[in-house]
Amino acid sequence: MSSSKAQPASEAGSAPPPSPDTPLGADRPPRPAPAFLRLWPVRLVGWLILLTAAPALIIAPMTFEQQLVLSIGIFLAALFVNRFRGHFAGLVLMLLSVIVSSRYTYWRITETMYMDNIVDLVLGVGLLMAELYAFVVLLLGYIQTAWPLGRKPSPLPADPAEWPSIDLFIPTYNEPMSVVRPTVLAAQAIDWPRDKIKIYVLDDGRRPEFREFCDAVGVTHVTRDNNRHAKAGNINAALKNTSAEFVAIFDCDHIPTRSFMQIAMGWFNRDAKLAMVQLPHYFFSADPFERNLDTFGTVPNEGELFYGLIQDGNDLWNASFFCGSCAVLRRTAVEEVGGIAVETVTEDAHTALKMHRRGWNTAYLALPQAAGLATESLSGHVGQRIRWARGMAQIFRVDNPLFGRGLHWAQRLCYLNAMLHFLYGLPRLIYLTAPLAYLYFGASVIHASASMIFAFALPHILHANLTNSRIQGRFRYLLWNEVYEAVLAWYIFRPTLVALINPKLGSFNVTAKGGLIQEQYFDTSIAKASLVLLALNFIGVALGIWRLTWVDPQNIATVWLNLAWTVYNLMILGACVAAANESRQVRAAHRVTLDVPAALYFANGHSMRCNTFDFSTGGLGLELPTEVKLAPDEPIEVALFRGDAESRFPATVRFSNGKRLGIRFAPMSFAQERALVQCTTARADIWAARWGNHPRVGVHRVLAHLTSISLVGFKDMFSHYYRAGLSRLRLPKRSVGTKKETA
């Protein structure tokens with residue numbers, strides 16, 4: 001990592017006066033140096049004792065009673081350590097978890113693989129491989145997140161004349177104008193000298209209406225005569241015809257805030273070898289899991305772990321990578337690696353890998369300064385994840401981070417974990433079916449007694465969950481990862497396997513945004529894999545109960561162990577089925593909670609101060625100080641404020657209900673649309689205030705929540721098939737009448 005990262009902010013020049021909507025957290029003092037660089041002698045001795053004793057603890061043979069005592073002792077120590085705040089306690093928990101999990105893995109390899117027949121051996125090896133995969137990912141995850149850097153914005157030179165030039169690219173292919181328009185207008189509102197930023201809409205759809213819009217608002221519309229290499233090719237074509245020092249890239253649905261560049265650009269002044277600064281992808285609409293499971297805003301979504309913790313952890317190791325949007329890249333670094341990578345369908349991560357190999361640095365700022373649309377349907381979400389998984393598997397084959405020059409060991413491990421993560425398809429399927437081997441066939445996939453499995457496996461699971469709960473608590477609740485993976489497992493298993501065999505297969509697919517779901521429906525196609533697994537596990541429970549009636553007493557505990565595992569799998573699969581029950585999405589413009597001052601101007605010349613409670617690109621929700629009776633469609637003006645500046649917008653009344661008023665915007669000029677964006681989606685504080693605010697939740701509450709979701713999933717599934725069965729049994733009335741007449 002560049003030594004400039006340790007440079008005090010005061011040495012980088014004085015900061016410009018903050019704008020009235022400076023993002024939350026941007027002015028906080030930097031985090032002190034890591035505690036492990038200034039440990040007390042007692043702590044150092046403790047670490048030495050723990051590290052010295054660890055190998056002996058991992059491989060020492062023990063009886064059941066000794067193992068139980070050791071497990072209880074280590075877990076009580078972990079609970080004690082978990083009471084303390086700070087990163088040091090987190091590191092101790094990681095070490096204890098590694099010791100316990102390593103001991104379990106060593107025991108599994110050396111003591112539980114003595115199988116009596118080939119069926120047990122094959123099934124047992126399959127489960128062991130899945131566990132070894134999970135163990136490696138656990139270790140790499142601890143390395144990645146051991147000490148998130150917590151980088152803060154660096155100030156720019158006081159004189160804006162010294163700020164660098166930027167080309168801002170907005171690539172688009174088939175997205176509707178309603179999606180692209182707010183992004184373009186927000187980009188024009190970015191606080192940066194007008195002569196130092198140029199905005200380009202890279203339209204691979206070559207649409208005349210987009211050219212007309214770009215000409216009208218004063219941005220450059222760029223096309224090419226082919227669509228080779230999809231998004232990467234689109235950006236590379238634009239790079240050849242532009243010349244600014246830096247290139248900012250935004251997906252066409254990612255609306256930047258006014259302060260984006262002032263937050264992102266300071267670090268480039270401090271590090272001449274800095275190739276890229278990446279900021280989080282924040283989504284103001286619910287993704288399919290959040291919408292279908294009704295968890296939007298209450299449970300961290302699937303992407304929050306990556307952008308809230310993992311990228312920040314990668315930054316410590318100079319391994320944060322490009323995510324395709326909400327990023328600024330140094331042109332010379334991109335040109336040195338031959339432009340945006342085109343060899344794989346995850347061109348963003350591959351480009352970062354190439355830059356790291358050439359000795360360039362990257363940076364990550366965990367401050368949301370742009371927001372976009374999440375995928376609209378579960379099938380679209382699965383399609384997007386398939387592309388990511390295929391692309392990471394392709395990189396693993398064609399540019400494996402473990403080999404080749406240019407990377408230090410930590411970078412190799414961070415990239416390796418990013419790629420291994422998307423190989424979870426087969427291991428997850430094995431976990432969802434492993435207990436069925438015994439319940440169906442009596443096969444012993446772990447050659448050990450139930451008591452020994454309990455003594456070794458349970459501490460491994462408890463420590464991993466306790467440690468991850470502490471590390472990930474605000475960004476990923478326990479067990480939710482298993483729901484996400486279970487939904488996707490079958491669908492990413494096949495493309496990742498194909499990509500590992502032949503990385504040239506597969507093509508780039510554009511993620512649909514801005515669509516509607518007119519009616520609620522159960523997506524049987526996307527739920528097919530979950531339904532099959534669900535049926536197998538239901539049968540497994542029935543067989544397990546049957547086995548309890550005749551199995552010999554010494555194997556009763558084994559039956560109960562596999563039954564408990566199967567019931568747990570049913571809970572996870574029930575949540576998967578619930579996620580496939582698509583909820584209606586009939587709003588073309590998503591509403592976002594916003595509480596800011598506003599004013600109403602009535603046709604009779606009166607006015608009223610009020611506050612907003614939400615907004616969309618189509619209208620506002622207003623909280624009035626007193627009840628006002630207004631007729632639907634009555635014309636009205638609403639004013640919003642940016643500092644002391646007031647902007648008025650024409651509107652009509654949509655509903656009037658006591659002290660609440662809903663208004664619909666009337667047609668506006670481009671200047672008014674731009675001002676509306678500045679007052680709403682482009683506010684610097686709007687997304688940062690919502691970032692990482694989820695409270696930590698105990699595992700008992702997570703289990704209760706997932707159980708209730710699972711039960712709803714079962715109800716929806718049975719209701720769907722009950723209605724489908726009835727519809728097949730009923731004959732159309734006309735057909736019945738025709739038969740009677742014929743008779």
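**Entry 1: helices α4 and α15**

I looked up how α4 and α15 lie against each other in this predicted model. The two helices are oblique to each other, because their packing angle is about 135° and angles over 145 would be needed for roughly antiparallel. I noted that their axes are 9 Å apart. I also recorded the hand of the crossing, which is left-handed where α4 passes α15. For location, α15 covers residues 409-421, and α4 covers residues 118-144.

**Entry 2: a surface patch**

I next asked which residues make the nonpolar surface patch. I found Ile118, Val119, Leu121, Val122, Leu123, Val125 and Met129. The patch amounts to about 590 Å². I took Leu123 as one of its members and placed this residue in α4. Is Leu123 buried or exposed? Leu123 is partly exposed, because its relative accessible area of 34% falls between the limits of 20% for buried and 50% for exposed.

**Entry 3: helices α13 and α14**

I then turned to α13, residues 347-357, and α14, residues 378-398. Their axes come within 9 Å and cross at roughly 30°. The pair is therefore roughly parallel, since angles under 35 degrees count as such. I recorded a right-handed crossing for α13 and α14.

How many residues of α13 are buried? I found 11 of the 11 buried, so α13 is largely enclosed by the rest of the structure. I noted that the buried residues include the charged side chains Glu347, Asp348, Lys354 and Arg357. His350 and His356 are also among the buried residues of α13, as are Ala349, Leu353 and Met355. Just after this helix, I noted Gly359 with a positive phi of about 90°.

**Entry 4: positive phi outside glycine**

I looked up backbone angles with the general pattern in mind: most residues other than glycine have a negative phi. His229 departs from the negative sign, with phi near 65°. I located His229 in the loop between β3 (220-222) and α7 (230-239). His229 counts as partly exposed, because its relative accessibility is 49% and exposed requires over 50%.

Cys326 also has a positive phi, of about 60°, although it is not a glycine. I placed Cys326 in the loop between α11 (304-316) and β8 (327-330). Is Cys326 buried or exposed? I recorded Cys326 as buried, because its relative accessible area is 0%.

Definitions and conventions: Residues are numbered from 1 along each chain as its sequence is written. This is a predicted model: local features need pLDDT of at least 70, side-chain atom pairs count only at pLDDT 80 or more; totals for chains, interfaces and linings use all residues. Side-chain values use heavy atoms; hydrogens and water are left out. Patches are made of residues with over 30% relative accessible area and no salt bridge: like charges are joined within 9 Å, nonpolar side chains (Val, Leu, Ile, Met, Phe, Trp, Tyr) within 5 Å. Accessible areas come from the Shrake-Rupley method with a 1.4 Å probe; for residues, only the protein chains shown count as cover. A salt bridge is a side-chain nitrogen of Lys or Arg within 4 Å of a carboxyl oxygen of Asp or Glu. Helices (H or I, at least four residues) and strands (E, at least two) are DSSP runs, numbered from the N terminus. Buried means under 20% relative accessible area, exposed over 50%, partly exposed in between (1.4 Å probe, protein chains only). Axes are lines fitted to C-alpha atoms, for helices over the stretch in contact, and angles run from 0 to 180 degrees between N-to-C directions. Angles under 35 degrees count as roughly parallel, over 145 as roughly antiparallel, 65 to 115 as roughly perpendicular and the rest as oblique. A crossing is left-handed if the near helix is turned anticlockwise from the far one by less than a right angle, and right-handed if clockwise.
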